Amino acid sequence: MEKFYRYDAIFIGMEKVADDIKHCIYGLNRLIEDEYHENVFKHHDRKWGNIKLDFENTKNKEFQKCLLTRNKVITANDEIQERKEFSLLSYKESMLRKQDLNYIFKIMERKSLSWWN
């Protein structure tokens, strides 16, 4: 549909409509690929090492404690700093996904009814 509005449609503002459709396509592709975590945590994983999951038994036999460690976290200060960064990056990941969703739906809400011939 973007190609139609960009190359075949003949009306004022056709390129703007094509651009809006293209932006929705890019945003939807980002949501489908779902690489927010990989993109946000790439530097963090290089800095602190890959995450390792271990499980520890608890007093209650139905539950286990999940321990997350990284091989480059050595001191207690490192652990505090890594957890702080991890929390901030988790929030950033969530916000980027939400930002893409809001942007796509904002465009579609305002413009989609004018896209159809």
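### Salt bridges, a pocket and a nonpolar patch

K47 counts as partly exposed, because its relative accessibility comes to 39%. That places K47 between the cut-offs used here, with buried meaning under 20% and exposed over 50%. The model is a predicted one, and K47 makes a handy way into it. The side chain of K47 meets that of E85 in a salt bridge, at 2.8 Å from N to O. This pair ties together distant parts of the chain: K47 belongs to helix 3 (residues 36-48) and E85 to helix 4, with their positions 38 residues apart in the numbering. E85, for its part, counts as buried, since its relative accessibility is just 16%.

Stepping back, the chain has 117 residues, and 22% of them are buried. Its secondary structure comes to 4 helices and 2 strands. Followed along the sequence, these elements come in the order α-α-α-β-β-α. Helix 4, the partner of helix 3 in the K47–E85 pair, spans residues 76-111.

The salt bridge count for the model is 9. One of these joins D20 and K111, whose closest N and O atoms lie 3.4 Å apart. Here too the link runs between distant parts of the chain, from D20 in helix 2 (residues 14-33) to K111 in helix 4, 91 residues apart. The two partners fall into separate accessibility classes. D20 counts as buried because its relative accessibility is 6%, while K111 is at 28% and therefore counts as partly exposed.

A further salt bridge stays inside one helix. R97 pairs with E93, and their closest N and O atoms are 3.9 Å apart. Both residues sit in helix 4, 4 residues apart, which is about one turn of the helix. R97 has a relative accessible area of 27%, so it is partly exposed; E93, at 14% relative accessibility, counts as buried. The story doesn't end with this pair, as salt bridges with shared partners bring D34, E93 and R97 into one network.

Helix 4 turns up again at the largest pocket, which has a volume of about 200 Å³. The residues lining this pocket are I51, L68, T69, R70, V73, I74, T75, E79, E82, R83 and F86. By type, the lining splits into 5 nonpolar, 4 charged and 2 polar residues. Helix 4 gives the most to the lining, with 4 residues. Strand 2 (64-70) and helix 4 each supply at least two of the lining residues.

Some of the residues around the pocket also have a place on the surface. I51, L53, F55 and L68 make up a nonpolar patch there, and together they have about 390 Å² of accessible area. I51 and L68 are also among the residues that line the largest pocket. The biggest contribution to the patch comes from strand 1 (residues 51-57), with 3 residues. L53 is found in that strand, and at 48% relative accessibility it counts as partly exposed. The reason is simple: a residue has to be over 50% to count as exposed.

Definitions and conventions. Residues are numbered from 1 along each chain as its sequence is written. This is a predicted model: local features need pLDDT of at least 70, side-chain atom pairs count only at pLDDT 80 or more; totals for chains, interfaces and linings use all residues. Side-chain values use heavy atoms; hydrogens and water are left out. Patches are made of residues with over 30% relative accessible area and no salt bridge: like charges are joined within 9 Å, nonpolar side chains (Val, Leu, Ile, Met, Phe, Trp, Tyr) within 5 Å. Accessible areas come from the Shrake-Rupley method with a 1.4 Å probe; for residues, only the protein chains shown count as cover. A salt bridge is a side-chain nitrogen of Lys or Arg within 4 Å of a carboxyl oxygen of Asp or Glu. Buried means under 20% relative accessible area, exposed over 50%, partly exposed in between (1.4 Å probe, protein chains only). On a 1 Å grid over the protein atoms alone, a cavity is a set of points where a 1.4 Å probe fits but cannot get out, and a pocket is an open set with protein on both sides within 12 Å along at least five of seven lines; lining residues have an atom within 4 Å of a point. Grid points are joined across faces, edges and corners, and a volume is the space filled by probe spheres set on the points. Ala, Val, Leu, Ile, Met, Phe, Trp, Tyr, Cys and Pro count as nonpolar, Asp, Glu, Lys and Arg as charged, and the others, Gly among them, as polar.
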